[in-house]
Amino acid sequence: MTLSSNPSRDIAEDSTDFKVATVCVRIDKESLAFHIYSSKTRCWKVSDSGEVCIMKKKYNMFHTEYVSVKGVMYWLIDADEILVFDVENELAHRVSTPECQFQCGEPDACIGESGGELHYVLLSEGRLQIWVLEDPSEGKWSSLRYEKSLADIDNVHPELSLNLQFEMTIPLAFKDGVFLLRVSDDVYLYDTRNDGMKHVAHAAEFGTGSMLDPMVVPYSMSLVPLNRP
């Protein structure tokens, strides 16, 4: 579920309009439905755009990561596919993630927002790589915006003894150039702008029942201004 609000810039403006949007799998289990509540009409409705989102395979939307950027919602529903929903215009489609060649299985990835743009963050074959979605409607990605080997990050921070190349390293979130990642049983913040690295907490402190369970990070980017340039 996501909440989109108006005004787009100044919260002191008189407008208090908002929309609530949810996405779910239809009964036929072959397409997605978007349910939208508007404060103007005070009613729920189902967006017809869900018909275009025919699923190639079953997705667990409850555990799917999503990010909001300028009134548009993005769900990373697979390592190679992102679901896009424009809350204001009630339009949905899918875009492929940047074309990458993987030699060893499925990569670890996450999405995030920085500078008002959607970023796709990839950990694969010992490297951290980041792309930017330049045109959401066309699914056009930038050339590689950032790349650094995990070995280089290790070398910058020998005091942490991370061994990123050999430990289980999982991307969790990305916001304003800062990357949240899990390294074995611990969580770290890595700042791509200055190579800063900081230990956040032990993974168990986030309340997960088991170290093998998917980790839930308690952060939110769900307030999405409408009509934002």
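Visitor: Let's start with the sulfurs: how many disulfides does the structure hold?
Guide: Keep in mind that this is a predicted model. A disulfide would need a pair of cysteine sulfur atoms within 2.5 Å. By that rule, the number of disulfides in the structure is zero.

Visitor: Take Cys110 then: is this residue buried or exposed?
Guide: The cut-off for buried is under 20% relative accessible area. Cys110 has a relative accessible area of 0%, so the residue is buried.

Visitor: And how does Cys43 count, buried, exposed or partly exposed?
Guide: Partly exposed is the class between the 20% cut-off for buried and the 50% cut-off for exposed. Cys43 has 44% relative accessibility, so this cysteine counts as partly exposed.

Visitor: Moving inside, which element gives the largest share of the largest nonpolar core?
Guide: That core has 17 residues, with Val121, Leu128 and Phe179 among those with the most contacts inside it. The elements that give two or more residues are β10 (117–124), β11 (127–135), α1 (150–156), β15 (178–183) and β16 (186–191). The largest share is three residues, and it comes from β15.

Visitor: How many residues are in the second, separate core?
Guide: Look for Val67, Tyr74, Leu76 and Tyr120, which this core includes. It is separate from the core around β15, and its count is 16 residues.

Visitor: Leaving aside neighbours within four places in sequence, which residues is Val121 in contact with?
Guide: Val121 is one of the residues with the most contacts inside the largest core. Contact here means heavy atoms within 4.5 Å. With the sequence neighbours left aside, the list for Val121 is Asp108, Ala109, Cys110, Leu128, Gln129, Ile130, Phe174 and Phe179.

Visitor: Now the charges: how far apart are the closest N and O atoms of Glu90 and Lys19?
Guide: A salt bridge calls for a side-chain nitrogen within 4 Å of a carboxyl oxygen, and the rule gives nine salt bridges here. Glu90 and Lys19 form one, with their closest N and O atoms at 3.6 Å.

Visitor: How many residues apart in sequence are the parts that the Glu90 and Lys19 pair ties together?
Guide: Glu90 lies in the loop between β7 (81–86) and β8 (91–96). Lys19 is in strand β2 (residues 18–25), so the pair ties together parts whose separation in sequence is 71 residues.

Visitor: Are Glu90 and Lys19 buried or exposed?
Guide: The cut-off for buried is under 20%. Glu90 has 16% relative accessibility, so this residue counts as buried. Lys19 is at 13% relative accessibility, so the lysine also counts as buried.

Visitor: Which residues are linked with Lys19 in a network of salt bridges?
Guide: Glu90 is the partner we have just met. The network also takes in another lysine, so the residues linked with Lys19 are Glu90 and Lys45.

Visitor: What about Glu113: which residue does it form a salt bridge with?
Guide: Glu113 sits in strand β9 (residues 108–114), and the partner is in strand β14 (residues 169–175), 62 residues apart. Glu113 is buried at 10%, while the partner counts as partly exposed at 37%. The closest N and O atoms are 2.3 Å apart, and the partner is Lys175.

Visitor: In the salt bridge between Arg193 and Asp191, which residue is buried?
Guide: The closest N and O atoms of the pair are 2.9 Å apart. Arg193 counts as exposed at 59% relative accessibility. At a relative accessible area of 14%, the buried residue is Asp191.

Visitor: On to the strands: in the open sheet of four strands, which stand at the edges?
Guide: The order is β5-β6-β7-β8, with antiparallel pairing. An edge strand has a single partner, so one side is left without a neighbour in the sheet. The strands at the edges are β5 (65–69) and β8.

Visitor: Within that sheet, what is the bridge partner of Val72 in β7?
Guide: Strand β6 (residues 72–78) and β7 run antiparallel, joined by six bridges. The partner of Val72 is Asp86.

Visitor: One last stop, Ser142: buried or exposed?
Guide: Ser142 has its place in the loop between β12 (140–141) and β13 (146–149). Leaving aside neighbours within four places in sequence, it is in contact with Trp131, Val132 and Glu134. The relative accessible area is 6%, so Ser142 is buried.

Methods
Residues are numbered from 1 along each chain as its sequence is written. This is a predicted model: local features need pLDDT of at least 70, side-chain atom pairs count only at pLDDT 80 or more; totals for chains, interfaces and linings use all residues. Side-chain values use heavy atoms; hydrogens and water are left out. A nonpolar core is a set of buried Ala, Val, Leu, Ile, Met, Phe, Trp, Tyr and Cys residues joined through side-chain atoms within 4.5 Å. Buried means under 20% relative accessible area, exposed over 50%, partly exposed in between (1.4 Å probe, protein chains only). Two strands pair if DSSP finds at least two bridges between them.
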